[in-house]
Amino acid sequence: MSRTATLTLDGKTIELPVFEGSEGEVGIDITQLRAQTGAIAYDPAFGNTGACKSAITFIDGDKGILRYRGIPIEQFVDSPNFIEVAQLLINGKLPAQEELVRFRARLTANAHVHEGMRHHFEGFPPEAPPMAILSAMINALFCYDPHFSVESDEEFEDAAASLLSKVRTIAAYTYRKSNGLPFMYPDPNLRYCGNFLHMMFSMPYERYEVAPEVEEALNLILILHADHEQNCSTSTVRVVGSSRANLFASVSAGVCALWGPLHGGANVAVMEMLDQIHRGGLAPEQCIKMAKDKSSGFKLMGFGHRVYKNFDPRARVLKDSCDKVLAKLGKKDPLLDIARKLEELALNDPYFVDRKLYPNVDFYSGIILRAMGIPLNMFTVMFAIGRMPGWIAQWKEQHDDSSVRIARPRQIYTGNKLTDYVPLAKRK
Ligand code: ACO
């Protein structure tokens with residue numbers, strides 16, 4: 001007999017179907033709740049709401065597990081290859097050699113942006129935030145390819161490669177624009193991460209030599225950000241996509257959601273916090289004290305997570321990698337010592353222990369990005385480049401599911417009861 005959950009409301013009892021995911025998580029299907037009871041489920045911030053079934057990424061927040069298509073993220077660390085992971089997420093399986101080669105060729109063929117788009121960059125003021133430019137330019141991509149189609153596998157692979165490739169070019173151009181530097185065209189001889197670094201840092205008269213250590217560190221960072229199931233930005237991509245909005249429009253909205261300091265923008269906020277401590281403006285102990293004081297409005301940035309009530313496995317990998325990457329690059333960063341000190345203080349403080357607040361992915365990623373020479377205002381853009389395969393995979397999974405309906409939450413109305421309009425002359 002199939003499992004059900006019993007709900008009694010105002011004396012009426014209904015049975016709600018219960019189902020299990022492949023890792024044993026239990027879902028109560030409430031799709032008929034309103035039809036059967038007239039009531040709706042109330043769950044602001046969706047902490048208890050499964051908005052979809054998905055076969056892409058698995059997280060066990062209590063155990064600190066993150067797997068892409070079943071593969072633990074730790075298994076991608078030794079020889080990180082972002083494009084291989086992107087194909088895994090998007091296509092559902094690791095690519096065979098010839099599939100990897102074919103996808104790489106598509107990335108190369110799509111690396112440029114339309115010359116017309118270069119002029120859009122000129123319209124932004126010099127201090128425009130890179131995330132605003134990134135979102136606008138991803139949306140603008142559609143204007144240059146309004147007839148693109150994703151209906152066949154071939155077409156979808158081309159669209160995915162185009163978006164993945166162009167987003168890297170747009171990101172680099174964003175940096176060049178904000179620094180008044182000439183745009184560097186992509187180099188077909190470089191791989192994904194190397195090409196990005198070239199477009200960021202080469203000059204027409206002086207080529208940036210891509211160090212293998214930097215390229216490897218970038219591959220790792222991007223892989224660790226590649227997908228994270230139904231977080232704020234991915235849910236945004238799905239909600240926008242559910243209206244049948246195109247891939248570019250949906251992902252562009254995801255970039256905006258990622259921008260906020262409670263989500264991807266936390267990697268900037270962490271570095272600002274560490275830097276403030278470094279410059280003597282704030283002692284680590286004072287920082288912890290403020291984070292515990294709700295009236296301060298201050299949070300320990302890079303700490304805590306809606307899903308992880310244990311170490312974020314990405315933070316664990318990044319913490320281990322910090323030393324190695326800095327040593328390989330021959331750099332020292334005093335902010336790393338401060339980060340370690342803060343972590344030690346927090347993990348020994350009952351406030352953080354009781355609430356199961358651990359470092360998240362943003363706590364250590366900035367130190368590696370900084371060592372690679374990536375400027376602070378580009379940190380969240382780096383997160384967005386990394387998250388692109390996840391957004392594409394999630395959009396596609398939803399697109400292919402013919403049972404998906406437009407996302408349209410309900411509300412509990414708490415406003416005025418029926419009220420009469422009062423003409424202006426009679427208003428007090
Ligand atoms: N510093 C201080 N207190 C915190 C922090 C923090 N970083 N994070 C959570 N808390 C407190 C909450 O105030 C709450 O306290 P209470 O029970 O006394 O009211 C308790 O811990 C539980 O909080 P949650 O309900 O688990 O937090 P929520 O799921 O709403 O938010 C979030 C998660 C946004 C990540 C939060 O932990 C936070 O703001 N962290 C700092 C910002 C950050 O690092 N964001 C990046 C997240 S990872 C990512 O998006 C890629």
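Colleague: What makes K299 and the ligand a polar contact?

Modeller: An oxygen atom of the ligand is 2.9 Å from an N or O atom in the side chain of K299. A polar contact is a pair of N or O atoms within 3.5 Å; within protein, one must be able to donate a hydrogen and the other to accept it, and residues adjacent in sequence count only if both atoms are side-chain atoms. The K299 pair fits that limit, so it counts. K294 passes too, at 2.6 Å from a ligand oxygen. R355 also passes, at 3.0 Å.

Colleague: What kind of model is this?

Modeller: This is a predicted model, with residues numbered from 1 along each chain. Local features need pLDDT of at least 70 and side-chain atom pairs 80 or more, while totals for chains, interfaces and linings use all residues, and side-chain values use heavy atoms, without hydrogens and water.

Colleague: How much of the ligand does the protein bury, and which residues come nearest?

Modeller: Taken alone, the ligand exposes 920 Å², and the protein buries 76% of that (Shrake-Rupley areas, 1.4 Å probe). Of the 21 residues around the ligand (a heavy atom within 4 Å), H263, K294, L300, R306 and Y351 come nearest. The shell divides into 10 nonpolar, 5 polar and 6 charged residues.

Colleague: Why is T380 called buried or exposed?

Modeller: T380 has a relative accessible area of 5%. Buried means under 20%, exposed over 50%, partly exposed in between (1.4 Å probe, protein chains only). T380 is therefore buried.

Colleague: What does T380 touch, and where is it?

Modeller: T380 is in helix α17, residues 379–399 (a DSSP run of H or I, at least four residues). Leaving out residues up to four places away in sequence, its contacts (heavy atoms within 4.5 Å) include M131, W259 and V268. N267 is on that list, and a polar contact of 3.0 Å joins the side chains of T380 and N267.

Colleague: How do you know whether T169 is buried or exposed?

Modeller: The relative accessibility of T169 is 0%, so T169 counts as buried. T169 sits in helix α6. A polar atom of its side chain lies 3.3 Å from the backbone oxygen of S165. Beyond four places in sequence, T169 is in contact with A111, V113 and M199.

Colleague: What makes up the largest nonpolar core?

Modeller: That core has 118 residues, and Y68, L134, Y192, F196, L274, L300 and I374 have the most contacts inside it. A nonpolar core is a set of buried Ala, Val, Leu, Ile, Met, Phe, Trp, Tyr and Cys residues joined through side-chain atoms within 4.5 Å. Helix α6 (residues 153–178) gives the largest share, 12 residues. Apart from this core lies another, of 5 residues, among them I14, L16, V18 and L33.

Colleague: What is notable about phi in F46?

Modeller: Phi of F46 is near 55°, a positive value in a residue other than glycine. Most residues other than glycine have a negative phi. F46 lies in the loop between α1 (33–37) and β4 (57–60). At 55% relative accessibility, F46 counts as exposed.

Colleague: Why is R69 called buried, exposed or partly exposed?

Modeller: R69 has a relative accessible area of 25%, so it is partly exposed. R69 is not a glycine, yet its phi is positive, about 50°. R69 is found in the loop between β5 (65–68) and β6 (71–72).

Note on methods: Ala, Val, Leu, Ile, Met, Phe, Trp, Tyr, Cys and Pro count as nonpolar, Asp, Glu, Lys and Arg as charged, and the others, Gly among them, as polar. Helices (H or I, at least four residues) and strands (E, at least two) are DSSP runs, numbered from the N terminus.
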